[in-house]
There are 2 protein chains.
Amino acid sequence: VNQSKTTAVVERVRTMIADGVLREGDPLPSTRAMAAELGIARGTVVAAYEQLDGEGWIRTRHGAAARVATRAPGTDIARREVPDSAPGPRPRAVSGTPRGGALIDLRPGIPAVTAIAARDWRSAWRAAADLPFRNALADPMGTRDLREQIAAQLGLTRGFAPHPDRVIITAGTSEAMSLITEALPGSPVLAVENPGYRSGRRAISSAGGTLAGVPVDEDGMDLARIPTGVDAIVVTPTHQYPLGSVMPIARRLELLDLAAARGTIVVEDDYDSEFRHRGDPLPALAALDNRGSVVHVGTFSKVLDPRLRCGWIVAPPGGSFADALRTAREARGPVVAEPVQAAVAHLLRTGALRRHLGRVRRDYAHKRSRIAARVAELGDLGLEARALSGGLHAVLTWPGPPSPAEVLRRLEDRGFLLADLARYAVTPDTALPGIVLGYGAASAVDLDRALDVLAEVLRAPAAPRSPE
Amino acid sequence: VNQSKTTAVVERVRTMIADGVLREGDPLPSTRAMAAELGIARGTVVAAYEQLDGEGWIRTRHGAAARVATRAPGTDIARREVPDSAPGPRPRAVSGTPRGGALIDLRPGIPAVTAIAARDWRSAWRAAADLPFRNALADPMGTRDLREQIAAQLGLTRGFAPHPDRVIITAGTSEAMSLITEALPGSPVLAVENPGYRSGRRAISSAGGTLAGVPVDEDGMDLARIPTGVDAIVVTPTHQYPLGSVMPIARRLELLDLAAARGTIVVEDDYDSEFRHRGDPLPALAALDNRGSVVHVGTFSKVLDPRLRCGWIVAPPGGSFADALRTAREARGPVVAEPVQAAVAHLLRTGALRRHLGRVRRDYAHKRSRIAARVAELGDLGLEARALSGGLHAVLTWPGPPSPAEVLRRLEDRGFLLADLARYAVTPDTALPGIVLGYGAASAVDLDRALDVLAEVLRAPAAPRSPE
């Protein structure tokens, strides 16, 4: 496949969509017809359509014409609801914003939800509707079917295959953190990464937990800085959120030793382990644990859709905390509708999720490379990108000024909403300078534009502001 | 319609199913053909089919042949999962139990889920699948669409139409109780009815709340017995759970005055107000409240399916507790999948839920009358039925002996699982004697059999037990 010719086809289709020549739902020419028209190999067109699909511009389906996506990137901004729990400021009305006041949301946390094949998605919800009626209440732990599918998937992708009885279904990572806090005895203290996952911290605090922020370095949480007397240690070892550090094996083992010595639970938030763009994935803490210290937390929010509200906890194989987790789950009741569990189990069983992940990974890797390349081009500005080894966001830093707050304000004036790294800090005095760029749901075009604007902002002196 | 002829048709079809002449999914003769064959009026056959549908034996659909239900009552017992959170003992293997060790679950809490029209159900899940993809996180409060539908429904059925902003979507009543407890300041004390809803108490305790049991009388919670210093008062005024008292208007107003005077929140658990078999429904506490004291809690578990895990809280129109509830919901994160919210909103908007409720109400009223009639026939045993004015369960009492535990054991030996009223008590020393019979999901045939067995047990002296 000729890459420059592929790019030419991609740009051609994008332009046709941008110019309104092709509209939402319109069929594209067949790959055969397009190849004949342009006098290029059909494989080149197939590759281009695949990339366009990955970027969300079009939808390809086996045995049917590719069509312009009903919500192609950048076309639905005005109607796009703003994530309520995403870190960062809420969008406000800015006079003179491009696109009629709408903002392009490049804050982290939103995956490429549109990339799932429509056929697979509909089939999953047919499975939900066809769930046999049963004269029974829901099992608070989740359906046997979904728990088995999750256990099997962990065996394939994360190096440990828990017994399905250890899997407890949750409404996502925040609900999991809330439930874990509820299951800890007394008024628990939880060590959390600083900077770290803000929604998780809110869930812990609201459930009565006290937070102890622990600094992170290039290898993840700095274990020497964990205060004594904590009841649980919450980490993101696969891809520290948000800085992207990967905890090496040595530190993982050290953390497990420390937890065992202190009788402390380790909560492994494995939120985006499916998206590793560089290097081999390391085994999960739960795979290394042989003393029953690790509670493994996963979610379908990043691999499927955050609106599904479905995740899981893998409890330790035994012990009082495993019992306490189940008791708390029973007390709070089941939270995920059984039809949803049936739909997700169907996506796992039929391989639809794996196909979707393959497609999304290509899209993320493509966008990640573009960001890395663009940032490298801007090396004269001292711009650096972190956290790009995995996941679906990047942390951008530069030797200020201008300050991150100033840069974010000027980006927002130009229509782009990014997040302030300072907001991930446990306490304001520990805030780090930088901004966070989410590229999961973003189109490559919007990312390019946002980085162009960032370069302008960093090069140009601050424009004089009219008085309020 | 001739009732005895209707009954004859009903018995005939039941026998054909029980004998295997008609199997799961088989079409029944048309009402016209059946009427001609038996030489009776077609309306009689229509009434019989309607009753059979209400009882769960068959499924009728407009414009299509009625068919034997895929899970006709009593045919799926062996595979029936036992509700995990229902009050009462878990079924155990009993040697010599009829039907190969399976138990007929007549514990309360499970509605007639099979009664929803298959066409409406599938259509709802198509709406779920067709939910437009949106590059956004879920709103923790719930979708605007569902919140508007719930607000409108409350206006029609419960005498108050809250602004949709006041509606907060929950994963059901237990999750609502957990969230309310989390939103109360400090280590809150909640007054709860004694006897009362056990799952709700577990959720409150697990979330860190302290329970203060308050006795109930024929008019609901005995307000004079509410201790001072409670942070919230949790009541089921429409149909006290489980005893069935209806709180009269005077006491409702007195409760609101008391709450306002003490600055206490009133939590109105309106779990089964849709099923009122006798008398007019009284206005909800939330409809009477003009001081912002009432938090109204509702659920789709009873009107639709407990496996949907979808309910709601109506927050007071303003005040610090309304803010605290929203903060807690944001902290714990959204819990109900947006496709589920779309499916439920679709059932509300299209009127499918109202049609379903009409059908289910007839079924419940029919079974309720049979229970009342059968209990009246057994008047010589001193048997009494309470809580029959609404809902989908009955409380049965008799001047012992035998003790409820003994009766339950002997019912279980004969294949019927009912609940012990003692388990609804807040403390063991306040337990009342009696048993609880859930008739939502039960077939009329199983109910008749269970009451026959109960009569035998109450009449016969205890059979000698072989040593273990």
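This tour moves through a predicted model, starting where two chains touch and ending at two cysteines.

**The contact between the chains**

Begin by showing chain A and chain B together and selecting the residues at which they meet: the contact takes 60 residues from chain B and 60 residues from chain A. About 5,500 Å² of area is buried between the two chains, and carbon and sulfur atoms give 57% of that area. To see where chain B contributes most, select F133(B), N135(B) and R307(B), which lose the most area to chain A and together account for 18% of what that side buries.

Next, look for charged pairs that cross from one chain to the other, of which there are 6 salt bridges between chain B and chain A. One to pick out joins the side chains of R202(A) and E330(B), with N and O 3.1 Å apart. If you widen the search to polar contacts, the rule finds 14 residue pairs across this interface, with both residues of each pair at pLDDT 80 or more.

Now colour the helices of chain B that take part, since α4 (118–129), α6 (173–183), α7 (198–206), α10 (320–332) and α11 (338–349) each supply at least two residues of the side that touches chain A. Colouring that side of chain B by residue type instead divides its residues into 31 nonpolar, 10 polar and 19 charged.

**An enclosed helix**

Stay with chain B and select α6(B), where 11 of the 11 residues are buried, so the helix is largely enclosed by the rest of the structure. Its buried residues include T173(B), E175(B), M177(B), L179(B) and A183(B).

**Salt bridges within a chain**

Over all chains the count of salt bridges comes to 56, and a few of them are worth a stop. In chain A, select R251(A) and D217(A), whose closest N and O atoms are 2.9 Å apart in a salt bridge. R251(A) lies in helix α8 (residues 249–262) and D217(A) in strand β6 (residues 210–217), so the pair ties together parts of chain A that are 34 residues apart in sequence. Which of the partners is buried, and which is partly exposed? R251(A) counts as buried at 14% relative accessibility, whereas D217(A) is partly exposed at 28%.

Move to chain B and select R354(B) with E274(B), a salt bridge in which the closest N and O atoms are 3.7 Å apart. This pair links distant parts of the chain, with R354(B) in helix α12 (residues 352–377) and E274(B) in the loop between β9 (265–269) and α9 (285–288), 80 residues apart. Here R354(B) is partly exposed, with a relative accessible area of 36%, while E274(B) counts as buried at 12%.

For a pair inside one helix, select R409(B) and E406(B), whose side chains meet in a salt bridge at 3.0 Å from N to O. Both lie in helix α13 (residues 404–413) of chain B, 3 residues apart, which is about one turn of the helix. R409(B) and E406(B) are both buried. Then return to chain A and select E175(A), E182(A), R329(A) and R332(A), which salt bridges with shared partners join into one network.

**The cysteines**

Finish by searching for disulfides, of which the structure holds 0 over all chains. Select C310(A), whose nearest cysteine sulfur, that of C310(B), is 15 Å away. C310(A) is buried, with a relative accessible area of 1%, and C310(B) is likewise buried, with a relative accessible area of 1%.

How values were computed: Residues are numbered from 1 along each chain as its sequence is written. Chains are lettered from A and ligands numbered from 1 in the order in which they are written. This is a predicted model: local features need pLDDT of at least 70, side-chain atom pairs count only at pLDDT 80 or more; totals for chains, interfaces and linings use all residues. Side-chain values use heavy atoms; hydrogens and water are left out. Contact means heavy atoms within 4.5 Å. Buried area is the accessible area (1.4 Å probe) that two parts lose on being put together, summed over both. A salt bridge is a side-chain nitrogen of Lys or Arg within 4 Å of a carboxyl oxygen of Asp or Glu. A polar contact is a pair of N or O atoms within 3.5 Å; within protein, one must be able to donate a hydrogen and the other to accept it, and residues adjacent in sequence count only if both atoms are side-chain atoms. Helices (H or I, at least four residues) and strands (E, at least two) are DSSP runs, numbered from the N terminus. Ala, Val, Leu, Ile, Met, Phe, Trp, Tyr, Cys and Pro count as nonpolar, Asp, Glu, Lys and Arg as charged, and the others, Gly among them, as polar. Buried means under 20% relative accessible area, exposed over 50%, partly exposed in between (1.4 Å probe, protein chains only). A disulfide is a pair of cysteine sulfur atoms within 2.5 Å.
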